[in-house]
Amino acid sequence: MRAAVLRGGRMVYRDDVPEPVPGPGQVLVAVRACGICGSDLHFAAHGAKVVALSNELARGRGGMDLDLERDVFMGHEFSAEVLEAGPDTETHPPGTLVTSLPILLSDKGVQPIVFSNTALGGYAERMLLSAPLLLPIPNGVDVRHAALAEPMAVGLHAVNKSGIRADEPALVIGCGPIGIAIIAALRVRGVETILAADFSPKRRELAVTMGAHQTVDPAQNSPFDTVKARVVFEAVGVPGIIDDVMRRARNGSRLVVAGVCMEPDPIHPFFGTAKEINLQFVNAYTPEEFGDALRAIAEGDIDVGPLITGEVGLDQVGTAFDDLADPERHCKILVTP
């Protein structure tokens, strides 16, 4: 079977991956589309650090059981077609288009379909999913769009965690895929003032398409001088951003951190204390939010079409990883096996 795998920090093409066989409670599916996520790019560059920090977080309670000397399977933003069910498994009939939370249930327990030596992800022709977690894609929804329910759920979760009201101005710093997902969720929430900040003209243009009312180039003007935001979403994930926001934000602001910074990031707590800033870190989403994101796409509340800036086959995934480093060229590249 064909697949793209991470080997030595680079995505490589294989045509000899063993065919997955569904066990009880599992379903074999044919991948129809899979988005390349920023976390995949990040893991390709910093996999050892991700594993080390994850294991430190677990403190002996399992951690990330991953061998970086072996091939790593990735791809967690996917849509697929049901092929067959495992033994004693009732599920949707063959041909049903589905998506799912990126989790595989097995006799080994819960295996995240994110970074794994054993659980195939969406950068493959076929993969296994858990029958109880399948969500049928509503009729008429493009399978490419359905694959983006996962990143849209991340943005929705950040907005839900913020508790933002429609009349509270919002500032989104960073207009990569997660920042854009946050903007889309803010628009669905009915937030009346959405300001987006990014150095890239292309990404600022996309932010407007997805629902931002205003944009600003931080190299030219401070976004904090443009709109008196009550809620600030950080979607960059580089050192210095959190501290800068705490210095510049207005008193009583809420700062929601959706960017994942892998480096030590010093802050001055004095600014947070003096201004009574509420600092909220967010991660992933709930099953309910995943379903809400798929419904928002199906009902036209979120149009993810403008996010898709390229499509590649499995043999081109490595090149796509390189291309995504240029924000003027791409936002979201889909792998279509």
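These are my notes on the domains of the chain and on one helix pair.

Entry 1, model. I am working from a predicted model.

Entry 2, domains. I looked up the domain assignment and found domain 1 at 3–136 + 304–335 and domain 2 at 150–281. I took the centres over C-alpha atoms and got 28 Å between domain 1 and domain 2. For the contact I listed 14 residues from domain 1 and 15 residues from domain 2.

Entry 3, buried area. I computed about 1300 Å² buried between domain 1 and domain 2. Carbon and sulfur atoms give 69% of that area. I then asked which three residues supply most on the domain 1 side. I noted Leu307, Glu328 and Cys331, which supply 33% of the area that domain 1 buries against domain 2, more than any other three residues.

Entry 4, helix pair. I turned to helix H3 (residues 149–162) and helix H4 (residues 177–189). Their axes lie 7 Å apart, and the packing angle is about 60°. I therefore put H3 down as oblique to H4, since angles from 65 to 115 would count as roughly perpendicular and those under 35 as roughly parallel. I recorded the crossing of H3 past H4 as right-handed.

Entry 5, contact residues. On H3 I found Pro151, Met152, Val154, Gly155, Leu156, Ala158, Val159 and Asn160 in the contact. On H4 I found Ile178, Ala181, Ile182, Ala184, Ala185, Leu186 and Arg189. I sorted the residues of the contact of H3 with H4 into twelve nonpolar, two polar and one charged.

Conventions: Residues numbered from 1 in each chain as written. Predicted model: local features only at pLDDT ≥ 70, side-chain atom pairs only at ≥ 80, totals over all residues. Heavy atoms only, no water. Axes fitted to C-alpha atoms, helices over the stretch in contact; angles between N-to-C directions. Helix = DSSP H or I, 4+ residues; strand = E, 2+ residues; numbered from the N terminus. Parallel < 35°, antiparallel > 145°, perpendicular 65-115°, else oblique. Left-handed = near helix turned anticlockwise from the far one by under 90°. Contact = heavy atoms within 4.5 Å. Nonpolar A, V, L, I, M, F, W, Y, C, P; charged D, E, K, R; others polar. Domains from an automatic or database assignment. Buried area = accessible area lost by both parts, 1.4 Å probe.
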